[in-house]
Amino acid sequence: MNSIDFAPVSESQITRAIVSEFAKEFDKYVATEVIIVGGGPSGLMAAKELASGGVKVLIIERNNYLGGGFWLGGFLMNKLTIRSPAESVLDELEVPYKEYSKGLYVADATHACSKLIAATCDSGAKILNMTALDDVVLHKDKVNGVVINWAAVSALPREIACADPVSLESKLVIDATGHDAVVVKKLESRGLLKTKGQGAMWVERSENLVVQHTSELYPGLIITGMAVSAAYGLPRMGPTFGAMLMSGKKAAEVAVDKLRL
Ligand code: 48H
């Protein structure tokens, strides 16, 4: 390849393309059916399932990248483990894996995470990255949306960035923020519910319990992934991800049932 002639486009055209397309899409999602806070494995899975079923869904993610803890297994080693029967999700996503021992599967974390992100984008779910949850919208004891700000603004001390956030309305919000259970904590800080804090490690019990407790914790607020452990004081499972994926699927089912009511 000697040379390529790229299309003659000016600097201002590039800026306009970004501004106008972003603004158009943002406008469409100012009011939506489901907002998922957190783009880790549970949030991505919930978003993929909902959007593939035709639900209008937006993910809010404070980092510029999606995937949360799904890029690594544990201890900075990028092999994931999944316990049976959750390898079915790896099959769905076409992620190669091998059986390490009976019912325990290992996959490349980077491969699994990339495929999950791609499948979520392909499903039609929309993503606002570099966006942090600031608060919830609460109408008559029901969560009705989220208050957001740019993550960079949220990271600054108040006295430097006294920039007000904006609100997005939704019929349902899903807390998929992992160990911090950030949305749940906004309700707890107002005395509307009480969390137990995450329990100690007990792999054997943890994953079944997380999926079992994935539910609507407060009117309008569904919880998934490690946010479930934090809310209910369930044992943790360490670096194995089957329950995160299955909990995301269950959160989507709970949301669809609620939307139908
Ligand atoms: C916007 C936010 C905010 C905010 C956080 O931690 P995650 O990967 O969460 P899960 O629950 O999908 O998966 C948990 C798993 O990764 C894990 O940690 C396991 C299995 N641990 C077991 C154990 O025993 O330790 O992803 C949460 C996402 C991240 O991308 C955050 O950046 C994002 O939520 N997030 N986004 N506004 N305020 N807080």
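Helices here are DSSP runs of H or I with at least four residues, strands are runs of E with at least two, and both are numbered from the N terminus. With that settled, alanine 181 can be placed in the loop between β9 (166–175) and α6 (182–188). Phi of alanine 181 is near 40 degrees, a positive value in a residue other than glycine. Because its relative accessibility is just 1%, alanine 181 counts as buried; buried means under 20% relative accessible area, exposed over 50%, and partly exposed in between (1.4 Å probe, protein chains only).

A word on the model itself. It is predicted, so local features need pLDDT of at least 70 and side-chain atom pairs count only at pLDDT 80 or more, while totals for chains, interfaces and linings use all residues. Residues are numbered from 1 along each chain as its sequence is written, and side-chain values use heavy atoms, with hydrogens and water left out.

Now for the overall picture. The protein has nine helices and eleven strands, and its C-alpha trace spans about 60 × 60 × 40 Å along the principal axes. For 261 residues, a compact globule would have a radius of gyration near 18 Å, and the 19 Å of the protein agrees with that. (This radius is taken over C-alpha atoms, and the globule rule is 2.2 Å times the number of residues to the power 0.38.) Of the 261 residues, 44% count as buried. Contact means heavy atoms within 4.5 Å; among contacts between residues at least 6 apart in sequence, 68% join residues at least 24 apart.

Next comes helix α2. Its twelve residues (41–52) should span 16 Å at 1.5 Å a residue, and the end C-alpha atoms are indeed 16 Å apart; the expected span is 1.5 Å times one less than the number of residues. Ten of the twelve residues are buried, so α2 is largely enclosed by the rest of the structure. Among the buried ones are Pro41, Leu44, Met45, Lys48 and Ala51. Their cover includes β1 (31–37), β2, α3, α4, β9 and α9. Just after α2, glycine 54 takes a positive phi of about 90 degrees.

Helix α9, part of that cover, gets the same check. Its 19 residues (242–260) should span 27 Å, and the end C-alpha atoms are 28 Å apart, which agrees. Buried residues in α9 include Gly242, Met244, Leu245, Lys249 and Val254.

The loops have their own details. Leucine 76 sits in the loop between β2 (57–60) and β3 and has a positive phi of about 60 degrees although it is not a glycine. At 74% relative accessibility, leucine 76 counts as exposed. Proline 85 is found in the loop between β3 (79–83) and α3 (87–93), and the peptide bond leading to it from serine 84 is cis, with omega near 10 degrees.

Finally, glycine 124 lies in the loop between α4 (109–123) and β6 (126–128). Its relative accessibility is 35%, so glycine 124 counts as partly exposed. Leaving aside residues up to four places away in sequence, glycine 124 touches Tyr29 and Ala51, and Ala51 is one of the buried residues of α2. Between the C-alpha atoms of glycine 124 and leucine 192, which are 68 residues apart along the chain, the separation is 34 Å.
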